[in-house]
Amino acid sequence: MNESIEYDPWPLEISVCENGKVLELSFDNNDKFLIPAELLRVESPSAEVQGHGPNEKKILSGKHAVVILAIEQVGNYAVKLRFDDGHKTGIYTWKYLYHLGSHRKEVWDKYLEQLSIKGLSRT
């Protein structure tokens, strides 16, 4: 029997840099990501952004200048990020942060496309 074992990379370091504009992450598989605060805010895993069910995701505009004020650890599996616009309810699991880092371009492009479709702006 050849069972594949799913492995979720584990964060070694997480810090805020560039005056709160970027979250820097290093994982135990040597992957490193710089994720903009704006992307983290508009892709927050919170119900405010994701909704309470399929197809309820909200597209946030005007978050170009958002800044991360603080990181709060949640157990040993996630962090909460506190943003300067008052948002602080999203629980960002290590797996979700790794997904955002490793698929940053696709997630960002989809966000920009949705803004355009709805006639919204980043500023």
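Glutamate 38 touches Lys63, His64, Val66, Trp108, Tyr111 and Arg122, leaving aside residues up to four places away in sequence. This picture comes from a predicted model, and the values discussed here are computed from it. Glutamate 38 has its place in helix α1, which covers residues 37-42. Its relative accessibility is 6%, and because buried means under 20%, glutamate 38 counts as buried.

Two other residues offer a contrast in setting. Glutamate 18 lies in the loop that joins β1 (11-17) to β2 (22-27), and its phi is near 50°, a positive value in a residue other than glycine. With 54% relative accessibility, glutamate 18 counts as exposed, since the term exposed is kept for values over 50%. Asparagine 30 is found in the following stretch of the description, in the loop between β2 and β3 (32-36), and although asparagine 30 is not a glycine, its phi is positive, at about 75°. Asparagine 30 also counts as exposed, its relative accessibility being 68%.

From these loops we can turn to a sheet. Strands of a sheet pair through backbone hydrogen bonds, in either a parallel or an antiparallel manner. Here, three strands make an open sheet in the order β4-β5-β6, and the pairing is antiparallel. The strands β4 (68-74) and β6 (91-93) stand at the edges, and because each has a single partner strand, one side of each is left without a neighbour in the sheet. From one strand to the next, the twist averages 30°.

The pairing can be followed strand by strand. β4 and β5, the latter made of residues 78-83, pair in the antiparallel sense over six bridges. Within this pair, isoleucine 68 stands opposite phenylalanine 83 in β5, and alanine 70 stands opposite arginine 82, also in β5. The two strands form a hairpin with three residues between them, and in the turn glycine 75 has a positive phi of about 55°. On the other side of the pairing scheme, β5 and β6 pair in the antiparallel sense over three bridges, with lysine 80 standing opposite isoleucine 91 in β6. As a general point for reading such strands, side chains in a regular strand alternate between the two faces of the sheet.

A helix accompanies this sheet. Helix α3, residues 94-102, lies across β5 and β6 and runs at about 75° to β6. The helix α3 also leads to the next topic, since α3 and α4 (104-118) each supply at least two residues of the lining of the largest pocket.

Rolling a probe the size of a water molecule over the atoms shows where empty space is left. The largest pocket in this model has a volume of about 210 Å³. Its lining consists of Glu43, Asn55, Lys57, Ile59, Tyr96, His99, Leu100, Val107, Lys110, Tyr111 and Gln114. Helix α4 gives the most to this lining, with four residues. Sorted by class, the lining has five nonpolar, three polar and three charged residues. One of the lining residues, Tyr111, has already appeared among the contacts of glutamate 38, the buried residue with which this account began.

Definitions and conventions: Residues numbered from 1 in each chain as written. Predicted model: local features only at pLDDT ≥ 70, side-chain atom pairs only at ≥ 80, totals over all residues. Heavy atoms only, no water. Pairing = 2+ DSSP bridges. Axes fitted to C-alpha atoms, helices over the stretch in contact; angles between N-to-C directions. Contact = heavy atoms within 4.5 Å. 1 Å grid on protein atoms, 1.4 Å probe; cavity = no way out; pocket = protein on both sides within 12 Å on 5 of 7 lines; lining within 4 Å. Points joined across faces, edges and corners; volume = space filled by probe spheres on them. Nonpolar A, V, L, I, M, F, W, Y, C, P; charged D, E, K, R; others polar. Buried < 20%, exposed > 50% of the residue type's maximum accessible area, 1.4 Å probe, protein only.
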